[in-house]
Amino acid sequence: QLIVFGGGGWIMEPLNPLLDLYLLGATRRERPRVCLVPTAAGDAAAYVDRFLEAFPEELCEPTWLSLFSRRVTDLGEFLAEQDLVYVSGGNTVNLLAVWRAQGLDRVLEEVLAAGTIFCGVSAGALCWFESGITDSYGPALSPLGNGLGLLEGSFCPHYDSDPRRPAAYRDFVARTGVPGIALEDGVALHYVDGKLARVVTSRPGTCGFRFTPGGEGGVAVDPLLPEYLG
């Protein structure tokens, strides 16, 4: 199972726990083991502190995995012991480079197949797809073509909160011919065995959009209406 957000969760909505509670519920555990992987954020201490506040020991068994000061020998074994792995936002390009250098990318399919749920927001969502657009190379939005590819197609987070993204993502899909999905902040996609099983949101009135090459302007855009969790 993979659960990806366009934005939201504890880092963006500290007073709105709906997405966080949805993640915990997806584990079907009374007190699940939850691990933060903050690679995209450079293992920022403030990020880890906020995670530990959002996922306190009363609700789960929280931990976090550093790949900059690595203390875990067998990444596959460690991640397979978790019920939920939360991949932070930040720099997608750096996340992919570090994961590949450390070999984390090579254990993901086996860990997912064993039952660990992975989730992520922004960079932690984009990384699972084949491609998309990113500001990882600088302030401008640029194409990203070397995602992990565990989810088909392309992806665009923050579709409503960054005014540049609607036009930039439409242009990306038109130029590359790669279909994909754009999500507004607060909207999450829940995939089971690579297939979209559920669309949910922590914010009423938000939406996701499916982009398909073809149609007027070279791209057809269809709404993905989410279920409000409140």
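# Notebook: helix 4, its strands and some loop residues

I began at the end of a helix: helix 4 gives way to G103, a residue with a positive phi near 85°. I note here that I am working from a predicted model, and I keep that in mind for every entry below.

**Helix 4.** I went next to the other end of this helix, where N91 caps the N-terminal end, with a side-chain oxygen placed 3.1 Å from the backbone nitrogen of V93. I then asked which residues of helix 4 (residues 92-102) are buried. I found T92, L95, L96, V98 and W99. Following these buried residues outward, I saw that they pack against strand 2 (33-37), strand 4 (84-87), strand 6 (129-134) and strand 7 (142-144), and also against two helices, helix 5 (108-113) and helix 6 (123-126).

**Strand 4.** Since strand 4 is one of the elements that the buried residues of helix 4 pack against, I looked at its side chains and its partners. In a regular strand the side chains alternate between the two faces of the sheet. In strand 4 I found L84 and Y86 pointing one way and V85 and V87 pointing the other, with all of them buried. For the pairing, I recorded that strand 2 and strand 4 run parallel and are joined by four bridges, and that C35 stands opposite V85. Strand 4 also pairs in the parallel sense with strand 5 (residues 117-121), again over four bridges, and there I noted Y86 opposite C119.

**The six-stranded sheet.** I traced an open sheet of six strands, whose order is 7-6-8-9-12-13 and whose pairing is mixed. Its edges are strand 7 and strand 13 (219-224), each of which pairs on one side only. On average, and with direction ignored, neighbouring strands of this sheet are turned by 20° against each other. Inside this order I checked one pair in detail: strand 9 (residues 180-183) and strand 12 (residues 208-213) run antiparallel and are joined by four bridges, and the bridge partner of G180 in strand 12 is F211.

**T201.** I then turned to T201, which is found in strand 11 (residues 195-201). Is T201 buried or exposed? T201 has a relative accessible area of 2%, so I entered it as buried. I looked for what its side chain reaches, and found the backbone oxygen of G186 at 3.1 Å. Leaving aside the neighbours within four places in sequence, I listed G186, V187, T206, P226, E227, Y228 and L229 as the residues in contact with T201.

**Two loop residues with positive phi.** My last entries concern R28 and D43. R28 is a residue other than glycine, yet its phi is positive, near 60°; I located R28 in the loop between helix 1 (18-26) and strand 2. D43 is not a glycine either, and I noted its positive phi of about 55°; D43 sits in the loop between strand 2 and helix 2 (45-54). I wanted to know how R28 stands with regard to the surface, buried or exposed. With a relative accessible area of 81%, R28 is exposed, because the cut-off for that class is over 50%. D43, at 12% relative accessibility, falls under the 20% limit and therefore counts as buried.

Key: Residues numbered from 1 in each chain as written. Predicted model: local features only at pLDDT ≥ 70, side-chain atom pairs only at ≥ 80, totals over all residues. Heavy atoms only, no water. Buried < 20%, exposed > 50% of the residue type's maximum accessible area, 1.4 Å probe, protein only. Polar contact = N/O pair within 3.5 Å; in protein donor to acceptor, adjacent residues only side chain to side chain. Contact = heavy atoms within 4.5 Å. Pairing = 2+ DSSP bridges. Axes fitted to C-alpha atoms, helices over the stretch in contact; angles between N-to-C directions.
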